[in-house]
Amino acid sequence: METKKTTETKRTTKKTQAKPSGKLSLLDAAVQILTNASEPMTCKAIVEQAGEQKLWSSLNGKTPHNTLYAAILREIKLKWNDARFTKLERGHFSISTTGK
């Protein structure tokens, strides 16, 4: 009689790595950029500003603006009134006055 080994499914966990001092996540950089912005911005413009201001840089990834867009929408959906962002029109975001 053969015994079958059962394999446990392991969840892959996101490893947290220490960020170099002075570097922000792209979402945190977006908050800082939108706080100082005079008008709503697109994710592409936010990523460009983050790079120019040296707040965030990515060594890999072809479409960081799409990743930022999805992350902002996810925060708005999950946190609703406590979200740091407000979507004003298609593709344009502003800092929320109710959240933070």
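Which residue in strand 3 is the bridge partner of Lys87? It is Phe93. Keep Phe93 in mind, as we will come back to it.

Before that, a caution. This is a predicted model.

Now the overview. The protein has three helices and three strands. Starting at the N terminus, the order of the elements is α-β-α-α-β-β. There are 100 residues, and 26% of them are buried. About 8400 Å² is exposed, and carbon and sulfur atoms supply 51% of that. Now take the contacts between residues at least 6 apart in sequence. Of these, 43% join residues at least 24 apart.

On to the strands. Strand 3 covers residues 92-95, and strand 2 covers 85-89. Strand 2 and strand 3 pair in the antiparallel sense, over four bridges. They form a hairpin, with two residues between them. Look at Gly91 in that turn: its phi is positive, about 80 degrees.

Strand 3 has another partner. Strand 1 pairs with strand 3, also in the antiparallel sense, over two bridges. Here the bridge partner of Thr42 is His92.

Next, the side chains. In a regular strand, they alternate between the two faces of the sheet. Follow strand 3 and you can see the alternation. Phe93 and Ile95 point to one face, and they are buried. His92 and Ser94 point to the other, and they are not buried.

Go just past the end of the strand. Ser96 sits in the segment after strand 3. Is Ser96 buried or exposed? The cut-off for buried is under 20% relative accessible area. Ser96 has 5% relative accessibility, so it counts as buried. What does Ser96 touch, leaving out residues up to four places away in sequence? The answer is Ala83, Arg84, Phe85 and Thr86. One detail on Ala83: its backbone oxygen lies 3.5 Å from a polar atom of the Ser96 side chain.

Back to Phe93, as promised. A pair of aromatic rings is described by the distance of the centres and the angle of the planes. This structure holds one aromatic pair. The partners are Tyr69 and Phe93, arranged edge-to-face. Their centres are 5.5 Å apart, with 70 degrees between the planes. Where do the two residues lie? Tyr69 is in helix 3, residues 64-79, and Phe93 is in strand 3. The pair therefore ties together parts that are 24 residues apart in sequence. Compare the exposure of each partner. Phe93 is at 0% relative accessibility, so it counts as buried. Tyr69 is partly exposed, with a relative accessible area of 28%.

Last, the other two helices. Helix 1 runs over residues 26-36. Its buried residues are Leu26, Ala29, Ala30, Val31, Ile33 and Leu34. What covers them? The cover includes strand 1, helix 2, helix 3, strand 2 and strand 3.

Helix 2 takes in residues 43-52. Its buried residues are Cys43, Ile46, Val47 and Ala50. Seen down the helix axis, they fall within an arc of 100 degrees, so they line one face of helix 2. These residues pack against helix 1, strand 1, helix 3 and strand 3. Just after helix 2 comes Lys54, with a positive phi of about 55 degrees.

To wrap up, look at strand 3 once more. It pairs with strand 2 and with strand 1. It also holds Phe93, one partner in the aromatic pair with Tyr69.

Key
Residues numbered from 1 in each chain as written. Heavy atoms only, no water. Phe/Tyr/Trp six-rings, centres within 6.5 Å; stacked < 30°, edge-to-face > 60°. Buried < 20%, exposed > 50% of the residue type's maximum accessible area, 1.4 Å probe, protein only. Contact = heavy atoms within 4.5 Å. Polar contact = N/O pair within 3.5 Å; in protein donor to acceptor, adjacent residues only side chain to side chain. Pairing = 2+ DSSP bridges. Arc of directions from axis to C-beta. Areas by Shrake-Rupley, 256 points an atom, 1.4 Å probe, with all protein chains shown as cover.
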